[in-house]
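Grab the model and work through the exercises below. Try each task yourself before you read its solution.

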Amino acid sequence: MNPVHRLFQPAFLGSLRAPNRFVASAAWLGGADPQGTLSPLLAGRYEAYAAGEVGTVIPGGAFVCPEGRLLPGQWGLHRDEGEADVAGLAERVHRHGALLVVQLAHGGFLRRPALGDGATRGPSEGADPLWGRRIHPL
């Protein structure tokens, strides 16, 4: 078998089966509203990947607490309403036979100061090399 043909074969991760080895990797596309809710336009983009026969769709990192938002337009899963975003996106991606893998993210010291005055939280205490803020340990 030509090695490139393996790309079209199913891939397994434990009990998960992807229909092929093509992955729409986690890339920040923006498109979430100011509260972090996934917009219909952004959900449609991810569904289009699946409809185009990508086997696994990984949306860009979703922040899990307001202080962890990295960029404006970032998807947020910091509120209970985020569960509906994930369920709706999963339905859209699964209808085309693709897997959905949600990437969770925390911006840490990379978080833009313009996003708020909340404490900058990172893995350990220290100085923020980009913005000069104090980093509070998680």
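Before we start, here's what pairing means: two strands pair if DSSP finds at least two bridges between them. Strands (E, at least two residues) are themselves DSSP runs, numbered from the N terminus. Keep in mind that you're looking at a predicted model, where local features need pLDDT of at least 70 and side-chain atom pairs count only at pLDDT 80 or more, while totals for chains, interfaces and linings use all residues. Residues are numbered from 1 along each chain as its sequence is written, and side-chain values use heavy atoms, with hydrogens and water left out.

**Exercise 1. Work out the sheet that holds β10.**

Solution.
- Step 1: start with β8 (residues 120–122), which three bridges join to β10, running parallel. T120 has I135 as its bridge partner in β10.
- Step 2: turn to β9, joined to β10 by two bridges and running antiparallel. Here G126 stands opposite I135 in β10.
- Step 3: put the strands in order. You get an open sheet of three strands, β8-β10-β9, with mixed pairing. β8 and β9 are at the edges with a single partner strand each, so one side of each has no neighbour in the sheet.
- Step 4: check the hairpin of β9 and β10. Six residues lie between the strands, and G132 takes a positive phi near 80°.

**Exercise 2. Find the order of the sheet that contains β4.**

Solution.
- Step 1: two bridges join β3 to β4 (residues 56–57), and the two run parallel. A24 finds its bridge partner, V57, in β4.
- Step 2: the full order is β3-β4-β6, an open sheet of three strands with parallel pairing. β3 (23–24) and β6 (99–100) are the edge strands with a single partner strand each, so one side of each is left free of a neighbour in the sheet.

**Exercise 3. Describe the empty spaces.**

Solution.
- Step 1: get the rule straight. On a 1 Å grid over the protein atoms alone, a cavity is a set of points where a 1.4 Å probe fits but cannot get out; a pocket is an open set with protein on both sides within 12 Å along at least five of seven lines; lining residues have an atom within 4 Å of a point. Points are joined across faces, edges and corners, and a volume is the space filled by probe spheres set on them.
- Step 2: count cavities. There is one of 30 Å³ or more, and the largest cavity holds about 80 Å³. Its lining has 13 residues, with W28, L42, Y46, G60 and W75 nearest the centre.
- Step 3: move to the largest pocket, with a volume of about 160 Å³. Residues including F12, R21 and T56 line this pocket. β1 (11–13) and β2 (16–18) are the elements that give two or more residues to the lining, and β1 has the largest share, three residues.

**Exercise 4. Locate L130.**

Solution.
- Step 1: L130 sits in the loop between β9 (126–127) and β10 (134–137).

Key: Helices (H or I, at least four residues) and strands (E, at least two) are DSSP runs, numbered from the N terminus.
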